[in-house]
Amino acid sequence: MLALERALLRGFLSAAESLEWKQGEVAAAESGSLLQLMFDGKYEAIFSNSAIQNVFSASFETEENIDTYLEKQILAYLDCSAEVDNVERQRLIFLLGVGSLQLFVQSNWTGPPVQLKLQDFFPPALLQKFCEPKMLHATILKLLVLDGESVYTLTSHPILLLIARIILVNSRHKLTSLQTLPWWTLRCVNIHQQLLEERSPELFTVAQACIKQVTEVEALFTGGESWHLAVQFHLESAYTFLFYYEYKKAKHCFNMAKDITKLQINLTGALGKRTRFQEKYVAQLILDVQRTDGFLLPHSELSPAPTPLESLTINYDLNDDTVLNEIKLADADQYQVPDLCAEELAVILGICIDFQKNNPIHKLTEEELLAFTSCLLSQPKFWAIQTSALLLRTKLEKGSTRRMERAMKQTQALADQFENTNTSVSERMKIFYCCQVPPHWAIQRQLANLLFELGCTGSALQIFEELEMWEDAVICYERAGQHGKAEEILRRELEKKETPGLYCLLGDVLKDHQYYDKAWELSRHRSARAQRSKGLLHLRNRQFRECVECFERSVQINPMQLGVWFSLGCAYIALEGYEGAAKAFQRCVTLEPDNAEAWNNLSTAYIRLKQKIKAFRTLQEALKCNYEHWQIWENYLLTSTDVGEFSEAIKAYHRLMDLREKYKDTQVLAILVRAVVDGVADRAGEVSSGLKGKLQELLGRVTSRVTNDGAIWRLYAQLYGNGENDSGEDIEKSLQYLTKAHKCEIQSSDWEKDVSSFKEVVKGAIEIAHVAIKCSKNKSNRQEALQILSSSRLNLRGLSSKAKQLFIDVTSNEVHSEIADEVTAMDNMIAELQELSNQLRDQC
């Protein structure tokens with residue numbers, strides 16, 4: 001049976017397996033006919049099977065819930081059998097669960113649309129309880145709500161997912177004979193999650209348990225023929241982890257899948273032409289895919305056969321008068337991509353999606369992702385991979401004026417393919433679970449968003465209203481300035497049926513708390529969205545205390561709301577509740593480790609809590625996520641200086657100057673200079689004097705950009721010893737920098753009118769004179785020495801004359817007493833300089 005379970009996971013039987021199966025006992029059993037229907041892609045026919053109809057033949061009690069009835073019938077069917085018959089019954093129920101899931105995927109993801117008649121297999125009493133099909137539909141959608149997160153209202157045939165969930169999730173403890181059950185449970189959970197508004201912690205817990213259980217089924221992955229399934233499992237696990245923000249685990253799974261296929265996947269440069277009129281070949285970014293040592297994967301018959309090209313979504317050419325449809329390489333043979341199988345293409349797509357999630361939105365990232373899509377689209381073989389690659393390309397191309405038209409046509413074609421009956425569902429299901437193809441309404445939503453961005457508001461609104469995506473429709477009306485129309489459409493829908501989601505949207509439009517309260521009551525205090533929206537309104541109104549209460553209630557219902565945790569942290573910071581802020585931002589970075597702003601805000605909370613080492617470490621994480629954010633670098637600079645990481649502070653200052661040309665922070669520079677000059681120990685206990693060279697380099701760079709700050713020039717001079725070193729070079733540089741500092745000071749306005757400022761300038765001039773004397777003694781050229789002394793003397797003489805003009809007592813004709821000492825010191829220094837100059841002249 002394990003061989004058949006493996007084949008079911010793959011979706012087809014190989015020729016050898018088919019022959020073996022027909023000779024086996026399963027083929028003759030009732031489950032055998034169901035299995036054949038599954039392999040043929042005739043999922044609807046499963047519900048016409050007499051054995052399956054027997055499961056739901058019992059009478060329905062009107063007070064029963066539909067999920068209770070279904071679960072009771074399934075468990076009763078499994079329990080009332082003899083031991084011999086039990087395994088067969090388990091197989092039948094398992095195949096019903098898998099078939100329901102596959103049919104649900106067909107009706108919402110792959111197409112073509114499903115025509116399912118519930119009266120053919122459900123008792124009439126059950127259907128009579130709901131006078132209209134819409135009531136049954138709404139009841140089932142309510143049963144699929146998890147962690148307070150609503151399900152998309154136009155989900156087609158949700159009863160199928162409910163049956164799949166009852167069998168594959170709720171009743172899995174009863175299906176002990178099926179070894180691949182946890183894998184199908186994982187698939188069911190992933191499909192369910194895509195219907196919900198936000199991530200569900202409950203589903204993630206089940207998914208993690210399933211991944212662990214599948215890895216423990218050793219028989220599933222043993223033998224050379226099992227590598228196909230191993231790759232698929234690692235890819236499915238990776239997408240699960242990626243969706244729930246577990247980026248490291250996801251990357252590990254993607255790499256495991258890549259290692260099994262022995263593919264070498266690298267972005268590289270190659271000479272090529274991108275435009276029609278380009279004469280020279282220039283470097284172009286491409287994806288180089290090679291097999292390690294020409295390794296060929298065994299058992300190719302167990303990999304899905306490619307779908308005929310005419311059955312795949314059309315890949316539109318660019319048809320631009322300048323840009324080529326694809327890069328024309330100078331040496332195309334050198335970078336020829338080998339003929340890839342389904343699993344290998346899925347691995348390349350997985351690496352691409354992982355790359356997208358772990359890199360910032362940037363023009364370079366877009367070019368790198370386009371290299372991946374070009375590679376994938378060069379081998380059109382499978383519906384799921386083709387659809388995923390085309391969708392990604394349209395998202396990347398919509399911002400380019402030359403590619404916008406193709407993006408529009410391509411998205412329309414992708415939206416239309418759901419209704420197309422030319423391609424069988426079996427072909428569309430190949431490698432489906434390894435590709436994360438979005439549901440068909442998400443593709444239509446992408447089309448509507450693209451139309452809206454192009455200014456086709458009416459067409460976009462029509463699609464949003466058909467899809468009952470009221471939030472998007474409201475955004476359209478709001479941006480178009482039609483606020484009244486947005487309210488009108490929501491009130492019209494509320495008259496038809498009151499739902500928490502619609503009341504929340506009405507609250508968003510009217511910015512009124514009462515509608516969020518109605519949504520909260522209507523959901524019986526289970527709507528995370530109601531509290532989230534109410535909290536955001538309080539946040540906009542700067543009502544932080546009420547905002548915190550709402551957000552806390554929201555995350556209590558669903559703790560996987562990244563945006564709510566972030567907003568909660570911001571509200572706590574506004575209230576100076578730094579412990580609450582630290583907890584909220586800690587949850588943010590746990591959910592999304594590459595959220596630079598959350599790391600930065602977490603460090604702010606730690607700084608306020610006086611946990612500076614923690615702040616320093618969190619800022620290091622923030623910089624890993626965003627290397628271009630100057631505010632994070634500034635926080636890192638201040639924190640590094642504060643904790644004694646002086647080397648990191650110098651690096652941060654350099655980076656800030658890369659990002660902001662005239663950046664300066666005199667206080668930080670003063671601390672760094674003092675640390676180096678005084679030999680202060682850094683955080684690791686190392687003496688900071690060893691950083692003198694690096695700090696000199698930094699100050700050299702700072703003074704080349706900021707030339708008019710006297711304090712920075714003084715710090716530069718201080719770093720060279722202020723003329724007190726024995727090194728002649730250091731004394732000369734000190735003199736040079738002190739002179740520049742002095743010039744900056746006397747260029748500032750009004751310094752001569754204020755006595756204290758004047759005294760500071762005089763003090764600086766006398767210091768220059770002392771250094772000038774030392775410097776002149778080190779000069780072998782007497783003419784240079786004379787020039788240094790004369791320059792200093794003239795400077796002092798000018799200051800002395802100015803003092804005697806500005807600060808003279810008119811009655812006594814004497815200098816004011818408060819500056820008399822400085823004038824005397826200047827006159828004495830002038831005399832000393834004159835005498836030294838005379839001595840030098842006598843020696844000439």
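**Cavities, a pocket, a sheet and a helix**

The structure holds 3 cavities of 30 Å³ or more. Keep in mind as you look around that this is a predicted model. Why start with a probe? Rolling one the size of a water molecule over the atoms shows where empty space is left.

Take the largest cavity, with its volume of about 90 Å³. Which residues line it? They are Trp109, Arg187, Asn190, Ile191, Gln194, Glu236, Phe432, Tyr433, Gln436 and Val437. Helix α11, residues 181-193, gives the most to this lining, with 3 residues. Sorted by class, you get 5 nonpolar, 3 polar and 2 charged residues.

Now for the second largest cavity, at about 60 Å³. Its lining is made of Asn190, Gln193, Gln194, Tyr239, Thr240, Phe243, Tyr244 and Gln436. Asn190, Gln194 and Gln436 may look familiar, since they line the largest cavity and also the second largest one. Helices α11 and α13 (227-243) each supply at least two lining residues here, and the largest share, 3 residues, comes from α13. What about charge? The lining of the second largest cavity has no charged residues, just 3 nonpolar and 5 polar ones.

Next, the strands. β1 (residues 263-275) and β2 (residues 282-291) run antiparallel and are joined by 10 bridges. They form a hairpin with 6 residues between them. To find the pairing by eye, look for Leu263, which stands opposite Arg291 in β2. β1 is also joined to β3 (residues 323-329), again antiparallel, by 3 bridges, and there Lys273 stands opposite Lys328.

Two of these strands lead to the second largest pocket: β2 and β3, along with α16 (363-377) and α17 (383-397), each supply at least two residues of its lining. About 930 Å³ of space lies in this pocket. It is lined by 32 residues, and Glu326, Ile327, Ser374, Cys375 and Ser378 lie nearest its centre. By class, that lining comes to 16 nonpolar, 7 polar and 9 charged residues.

Finish at helix α25, residues 513-522. Which of its residues are buried? Tyr515, Tyr516, Ala519 and Trp520 are. These four sit on the same side of α25, because they cover an arc of only 145° around the axis. What do they pack against? The buried residues of α25 pack against α23 (483-496), α24 (500-510), α26 (528-540) and α27 (544-557). After α25 comes Arg524, whose phi is positive, near 60°.

Technical notes
Residues numbered from 1 in each chain as written. Predicted model: local features only at pLDDT ≥ 70, side-chain atom pairs only at ≥ 80, totals over all residues. Heavy atoms only, no water. Pairing = 2+ DSSP bridges. 1 Å grid on protein atoms, 1.4 Å probe; cavity = no way out; pocket = protein on both sides within 12 Å on 5 of 7 lines; lining within 4 Å. Points joined across faces, edges and corners; volume = space filled by probe spheres on them. Nonpolar A, V, L, I, M, F, W, Y, C, P; charged D, E, K, R; others polar. Buried < 20%, exposed > 50% of the residue type's maximum accessible area, 1.4 Å probe, protein only. Arc of directions from axis to C-beta. Contact = heavy atoms within 4.5 Å.
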